[in-house]
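Here's a quick briefing to read alongside the model. Have the sequence and the 3D view open as you go.

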Amino acid sequence: MPIKTHISGFGKFPSSITYLIDVDGENPGGDFIYRGNGMSYGDLSFSETTLSTRKHNQLIELNLTAGYVKVASGMLLLDLIKLLFEKGYTLPVLPGTLYITVGGAIANDVHGKNHVQKGSFGHHIIDFKLITENKEALICNSTQNAELFQHTIGGCGLTGFISEATLKIEQLKGNTIHEKSTPIKGLSSAIKALQNSDSLFKIVWLKNNNQGVLLEGDFTDNKTEKIHFKNPITVPFHFGGILTSKPILSFYNQLKFRTSKFEKETAIYPFLCPLDAVKDWNLLYGPKGIIQFQFTVDQTLIEAAVNSVFNWVKTSQYTVFLATIKQFGTRSSLGSISFPKEGFTFTIDVKYTAGLENQLQQLADKIIDQYRGRFYLAKDSFLTFDQLSRSYAGFNAFVDFVRNNKQLKSAFSKRTGIHS
Ligand SMILES: Cc1cc2nc3c(=O)[nH]c(=O)nc-3n(C[C@H](O)[C@H](O)[C@H](O)COP(=O)(O)OP(=O)(O)OC[C@H]3O[C@@H](n4cnc5c(N)ncnc54)[C@H](O)[C@@H]3O)c2cc1C
């Protein structure tokens, strides 16, 4: 019998006790869910039994001529990217960390800073093999087992085990990014700056609703000597608080509040995934962890929606750190509960203290009802069934599809009432 262990997502809240076993191991019974690298923030990736996919991480086929790679789903994007980069290739869509698995990238239909031009991860899947709760192995794509394909992209692991995936790859001309950093005053300037930028990669980091920096990036054709994959700095164990670590504070300040305008040539992956420079940076927020929340709203409503969050921050006195705005383009997501939809997406980290989830539930009502917003499930630890159903058009069809699961249930699906 496996031993029970303490488990959480990246945010450290909520946490639980689980049997953590390998996906091929003997399931001790009870409800179970798959877990990639545990980098979703909330409670998507654990249950009574948690099936880790991390050892299921082989390269199956790389075909540069046809432009695809086939891998087992527990492979980290970091390992896949290193392998592709050596051959002069990359994946079209990467999130802000490479420490996630291919399975996790599909199950949350992750997006990057290039959604306007490239859509989300799901748009670049050729097919995947899904093992259902009844142990049926099915190849899924937009024509074969199409309904399963649709519910699995962004479907939070609730349709079965994504065992292998075939993904489109893209050739790189050079090995660097031309990076441009521009200080921004005011939210409306930040939103306009994102709209007016033609760069492939674009994001605004915000200090508050008046001060931020626009970061833009485009691939170059240059092959320049750079360090592309650095070992991360480690956060000291028993870390007391962000202000006690000078190197880490200076990293944060550099990242967020650059005061001067500059342009430079930089290595690709440190630009795309700056937070990967600090290992376990979630420990910076102390032992109780963080809730990060992220929502998307139409372009006409983003300024008001973000202001309402900063007003809440002011009155509630919670400690907040990172906040960003990115633009989502017109390409419709393929998953029935995929997060990206045309407009702008806002993300903020809030240090956890007891009762925060109740306050965020109230804030979410406002964002959903007043601004027609939708929250990202990869970050969720507080939404209700009713809020999900009001904000995701495909939610009820998704629930009908997964409600018959006998044991494939996560802490998230039980908390929200998708499963009893
Ligand atoms: C620092 C940081 C930056 C981030 N930046 C971004 C970003 O820019 N854009 C973005 O979209 N997201 C971002 N995220 C969120 C992250 O990309 C997602 O939460 C991702 O799904 C995590 O993948 P994982 O492998 O760790 O999966 P886990 O967190 O372990 O699991 C996530 C979900 O995937 C399911 N799952 C995992 N593997 C399988 C499988 N093989 N079969 C079936 N289901 C499976 C799990 O059941 C769970 O529901 C960020 C997270 C962090 C910590």
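Which residues in helix α5 (residues 187-196) are buried? This is a predicted model, and in it the buried ones are Leu187, Ala190, Ile191 and Leu194. They all sit on the same side of α5, because they cover an arc of only 95° around the axis.

**Around helix α5**
- Flip to the other side of α5 and you'll find Ser188 and Asn196, which are exposed.
- The buried residues of α5 pack against a mix of elements: strands β12 (176-185), β13 (201-206) and β14 (211-219), helix α8 (302-316), plus β19 and β20.

**Strand β20 and its partners**
- β20 (residues 343-351) is mostly covered, with 7 of its 9 residues buried.
- It pairs in the antiparallel sense with β18 (residues 290-297) over 8 bridges, and Gln292 stands opposite Asp349 in β20.
- β19 (residues 320-328) also pairs with β20 in the antiparallel sense, here over 7 bridges.
- In that neighbourhood, Phe328 has Gly343 of β20 as its bridge partner.

**Domains**
- The domain assignment splits the protein chain into domain 1 (4-53 + 401-415), domain 2 (59-171) and domain 3 (176-385).
- Taken over C-alpha atoms, the centres of domain 1 and domain 3 are 26 Å apart.
- Domain 1 puts 11 residues into the contact, and domain 3 puts in 12.
- On the side of domain 1 that touches domain 3, the classes come out as 6 nonpolar, 3 polar and 2 charged residues.

Methods
Residues are numbered from 1 along each chain as its sequence is written. This is a predicted model: local features need pLDDT of at least 70, side-chain atom pairs count only at pLDDT 80 or more; totals for chains, interfaces and linings use all residues. A residue is buried if 20 or more other C-beta atoms lie within 10 Å of its own, exposed if 12 or fewer, and partly exposed in between; C-beta atoms are placed from the backbone. Helices (H or I, at least four residues) and strands (E, at least two) are DSSP runs, numbered from the N terminus. Two strands pair if DSSP finds at least two bridges between them. The arc is that of the directions from the helix axis to the C-beta atoms. Two residues are in contact if their C-beta atoms, placed from the backbone, lie within 7 Å. Domain bounds come from an automatic or database domain assignment. Ala, Val, Leu, Ile, Met, Phe, Trp, Tyr, Cys and Pro count as nonpolar, Asp, Glu, Lys and Arg as charged, and the others, Gly among them, as polar.
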